[in-house]
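Here are some short exercises to work through with the coordinates open. Try each one yourself before reading its solution.

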Amino acid sequence: MRVTRITIFGILSISLFLNFTRAQKPVYLDVKQPIEKRVEQALSLMTLDEKVAMCHAQSKFSSKGVPRLGIPEVWTDDGPHGIREEVFWDKWSGAGWTNDSCTAFPALTSLAASFNPQMALLYGKTIGEEARYRNKNVLLGPGVNIYRTPLNGRNFEYMGEDPYLSSRIVVPYVQGVQQNGVAACVKHFALNNQEADRMSVDVEVSDRALHEIYLPAFKAAVEEGKAWAIMGSYNQFRGVHCCHNDLLLNKILKTDWKFDGVVISDWGGVHNTDQAVNNGLDLEMGTSTNGLTTDGTSPYSEYYLANPYLRGLKSGKYSESVLNDKVRRILRLIFRTTMSADHPFGKFVSPEHSEASRKIAEEGIVLLKNNKQFFPIPVGKYQKIAVIGENATRSLVIGGGSSSLKVAYEVSPLKGLIQKYGKDHITFSKGYASGENEYNKEVGSQQNADSLINAAVATAKDADVVLFIGGLNKNHFQDSEGADRKSMDLPFGQDKLIAALLKANKNVAVILLSGNAVSMPWVNEVPAIVQAWYLGSEAGNAIANVLSGEVNPSGKLPFSFPKKLDDNAAISFGQISYPGLDGKEEYKDDILVGYRWFDTKKITPLFAFGYGLSYTTFEYGKITTDKKLYTPDETVKVSFTLKNTGKVDGAEATQVYVSEPKATVMRPVKELKAFKKVFLKAGETQTIELEIKVKDMAFYNETTQSWTVEPGEFVLRNAASSNDVKSSVSIQIK
Ligand code: BGC
């Protein structure tokens, strides 16, 4: 009897155990199942409350998983130049961890200036590894908003003025990040081209400019890069905020481009439950929760996509199928990232990451002027080099808003130069002072400007050569989120300082660290100018390598530098066109953004899009095509020779522009349609081969709402920059 009882008990417990393990063993965790199957299985096990809980934040940077089912939380982090430090659960301020100091990579303007998709892949892969190591599954970047005016405070975070260049750079960046099982969150979709009134400005732009200028980089990131997430922008487009804009999100992004990832709101970019539910948003972040988790004035539970959504679902106002679509996307993202079976473990601040950061930085530096071969300055050439300017020592990874970084290290330009030339040959004087970097506030310096200038002049007088290292910084009203620049001038009295230095010493080179164009009243007075961006942890080493000639500069400008602010298209149309009037803004510059405007209106820029010098010289051969007549489905094969005619090895970013001289609609004088960076040894010649699909020469037809290639003549030009055309060839489209 006892035996029987034990046996029955035994059988019962075994079967209970089996049932228990069966019930507990979540089938969707089976990594062999295709993702879509796992998504459906997970969804079918979730309650309504669990689904809604996934659609909004639970902390500043994270959203809930389903703990009951073992589905992890989503952890996002800025982006886009390094992995932001840990902040408090409910505050923007740093949490004081000691293991979160990252590698800073060059700002994205600098990456775009490399004109090298290989660098973008390396960038994405490396920063993705840092995100992975830090257990972040969504990287809030890259940013691809078009450079429309030199005043936009966030231009430094973006990839310049050209839709083709930014498309070619964003795709490998996204692919590189996602190789790590980390989603890239491409931002800010769309038309976030300024910081002035960014939370509310209502943008009107033609369909043509929207599709030809402002959307292509996002489209490429989605269709080719297969981005797993995208961030809505703060501003409005045609009267609706972009974080819940039906046209942008439901129609263009999710229907036309077949985006299957997650639309994440910008932090505090959601304003309305109905629109958030129905217009394509999936995950709401940052809706003004300050210091409280579940109660207080704006707890997470009262986010537009939290309790108000749940109540609407329960009352039948909102359909569960729309909710299911959001949850599917979020689950898909989780299965692609944290729960993917084969993601690597990541790496953090490794020597390879420093190396990658330096290499990318070096490739982006642009030599703008170099009279009488001022540069390179080989080690040992001069006894006394004066380094002047606050940016030689100031941290430029801190500030600027959400892209601000806590870094493991940052080699300043001064440090890099001292390491290169030796401390006995370098003297430093600050020259100007900008003041503190305070969030959303302009705080001037207390230091006496005249005495700083006097000290710098004394240092310059005594030197063989002067390297002035200035530009902008990441203070409020500079290259920074939340406000635009007030003018295009160099701030903090730098023009006056440069003039004073030139009186003391003619050999003054200007090295600008900024993410934006500045006016240069001294352009004809100084023998050399270098645009060196914000370069991250390895800034000083990269700059020293280029200035000393160890690395031959090969960067080219990703945006035009106007001679004066009024030469910029958007600004030339007055306030309604920038920064907007009574809350409305009309993009009157239409498709004529950047060099498209300068070319078409015959305005000479100070420095053109695509321009940059080298320590060597290149000779371009005549451009030819594989044939003369093409159908709209064909690809034009373009070729020309390139010869390094100088004495040193170097790389050149060759460019091909296309125009349609007799179009039935207005078309820009020329548009970039291909580029290739080629490395050539001194004396070497190579044949450059590029391909341009005929369909990529189309314009966006507003009548048919589609892309149109007109039959007729097209002209292809090879060029060293947008205003340095080398030769041209005509083709016919049937
Ligand atoms: C910025 C985003 C950023 C987010 C989170 C927002 O203010 O516009 O680019 O990713 O904050 O820090």
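**Exercise 1.** Is Tyr-164 buried, partly exposed or exposed?

*Solution.* Keep in mind that this is a predicted model. Start with the relative accessible area of Tyr-164, which is 23%. Buried would require under 20%, and exposed over 50%. Tyr-164 is therefore partly exposed.

**Exercise 2.** Classify the ring pair of Phe-61 and Trp-267, then say where its two members sit.

*Solution.* First take the geometry: the ring centres are 5.6 Å apart and the planes meet at 40 degrees, so this pair is tilted. Next, locate the residues: Phe-61 is in the loop between helix 3 and strand 1, while Trp-267 is in the loop between strand 9 and helix 10. They are 206 residues apart, so the pair links distant parts of the chain. Finally, check burial: Phe-61 is buried at 4% relative accessible area, and Trp-267 is buried at 7%.

**Exercise 3.** Do the same for Tyr-164 and Phe-675.

*Solution.* With centres 5.8 Å apart and planes at 80 degrees, the pair is edge-to-face. Tyr-164 belongs to helix 6 and Phe-675 to strand 24, so parts 511 residues apart in sequence are tied together. Phe-675 is buried, at 9%. Both residues belong to one aromatic cluster, whose members include Phe-115 and Tyr-657. Over the face of Tyr-657 lies Lys-670, 5.8 Å from the ring centre.

**Exercise 4.** Why does Cys-185 form no bond with Cys-243?

*Solution.* A disulfide needs sulfurs within 2.5 Å. The closest cysteine sulfur to that of Cys-185 is in Cys-243, 10 Å away, which is too far. The search of the whole structure finds 0 disulfides.

How values were computed:
Residues are numbered from 1 along each chain as its sequence is written. This is a predicted model: local features need pLDDT of at least 70, side-chain atom pairs count only at pLDDT 80 or more; totals for chains, interfaces and linings use all residues. Side-chain values use heavy atoms; hydrogens and water are left out. Rings of Phe, Tyr and Trp (its six-membered ring) pair if their centres lie within 6.5 Å; planes under 30 degrees apart count as stacked, over 60 as edge-to-face and the rest as tilted. Helices (H or I, at least four residues) and strands (E, at least two) are DSSP runs, numbered from the N terminus. Buried means under 20% relative accessible area, exposed over 50%, partly exposed in between (1.4 Å probe, protein chains only). A charge sits over a ring if NZ of Lys or CZ of Arg is within 6 Å of the ring centre and within 35 degrees of the ring normal.
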